[in-house]
Amino acid sequence: MNRTDRLLAMVLELQAHGRRRAEDLAATFEISKRTVYRDIEALCEAGVPVVAVPGQGYWLVPGYFLPPLSFSPDEATLLLLGSAVMGQSFDAPLRAVADSAAHKITTVLPPHVREEVRYLQSSIAFIPANSPGGPETAAHLGRLRRAVVERRQVEFDYHARQGDTALRRQADPYGLVHVDGNWYVTAYCHTRRAVRNFRLDRMADLTVLAETFSRPADFQLATGRTLGDRALVVRVLFTPAVARWVREARQFFTVDETDTPAGLLVTLQVREEGDVVAWLLGWGTQVRVIEPATLRERLAQEAEQMAQIHRKPTSLLT
């Protein structure tokens, strides 16, 4: 990185992070503290209002911002496509914010870049998976987003995969995650006394409460497939005929996939057997449970009951 680029990057660093010490800047840009001192002096001589206090570090005078940045066609296209995707994925208020951001980006582009960006936009499409739940899920998303920002507790009825009736839950919403076309809220559940992930389309009668909460300082939002409290290990063997399709539609609870002479060995970690019963039944005779034995027996019983149901003559009216 040449000095001109480094000086610009240093201003952006101060603008993004506020107060930074000389050692922080030296580590970020892999330079000596003496070079940091010279760079800060150069910025001040160029008119950048940098405040320097011995022992405290450097920061920009409040209210100072760089002029709009210049975007390359690829950078602008990526930002515009990203704002469009996020606009489709969130509720109406954030869609309006995404549209406003896209408009601001477009207006600062030079005419020739703007035309190239429009062409690229017309050549690239990103179509997110449709989330189930419809308008009700969208309403939940808006309320939960507000609850996360305001650190307010929520209360709702939750329809778990196992169980016929919904249970009333009270929770502290820590964050929102979009996984495989579905929205989840990661929250501390007061009923279970543990952090849980709740699917928004399984929630009903959601209420934002007046009570507030403090999120743990060490909390990290789960954006991937974390193990959490899934202590039950399941191993299943798929025939070679479907191995490709199993990989293509990777199950949420999968932690390992290994090719063997007999087929694809998949290891999953689940909270309980019911988490994967329906998924395994969907593969029919192309899958065999290796362990646990209780899950193997459960699938055998389910298959027998299905066979009995389908052997009986039936009518849509009975």
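Student: How much area does the protein chain expose?
Tutor: This is a predicted model, in which local features need pLDDT of at least 70 and side-chain atom pairs count only at pLDDT 80 or more, while totals for chains, interfaces and linings use all residues. Residues are numbered from 1 along each chain as its sequence is written, and side-chain values use heavy atoms, with hydrogens and water left out. Accessible areas come from the Shrake-Rupley method with a 1.4 Å probe, and for residues only the protein chains shown count as cover. Carbon and sulfur atoms supply 54% of the exposed area of the protein chain, which comes to about 19,700 Å².

Student: What percentage of the 318 residues is buried?
Tutor: A residue is buried under 20% relative accessible area, exposed over 50% and partly exposed in between (1.4 Å probe, protein chains only). By that rule, the buried share of the 318 residues in the protein chain is 35%.

Student: Which element gives the largest share of the largest nonpolar core?
Tutor: A nonpolar core is a set of buried Ala, Val, Leu, Ile, Met, Phe, Trp, Tyr and Cys residues joined through side-chain atoms within 4.5 Å. The largest one here has 20 residues, and V236, F238, L268, L280 and L295 have the most contacts inside it. Elements giving two or more residues to this core include β8 (232-238) and α10 (293-311); helices (H or I, at least four residues) and strands (E, at least two) are DSSP runs, numbered from the N terminus. The largest share, four residues, comes from β10.

Student: How many residues does the second, separate core have?
Tutor: This second core includes M10, F29, L43 and Y58. Its number of residues is 18.

Student: Which kind of aromatic pair do F156 and Y158 form?
Tutor: Rings of Phe, Tyr and Trp (its six-membered ring) pair if their centres lie within 6.5 Å; planes under 30 degrees apart count as stacked, over 60 as edge-to-face and the rest as tilted. The ring centres of F156 and Y158 are 6.2 Å apart and the planes meet at 75°, so the pair is edge-to-face.

Student: How many residues apart in sequence are the parts that Y158 and F198 tie together?
Tutor: Y158 and F198 form an aromatic pair, 5.0 Å centre to centre with 80° between the planes. Y158 is buried at 8% relative accessibility, and F198 is buried at 2%. Y158 lies in strand β3 and F198 in strand β6, so the pair ties together parts whose separation in sequence, in residues, is 40.
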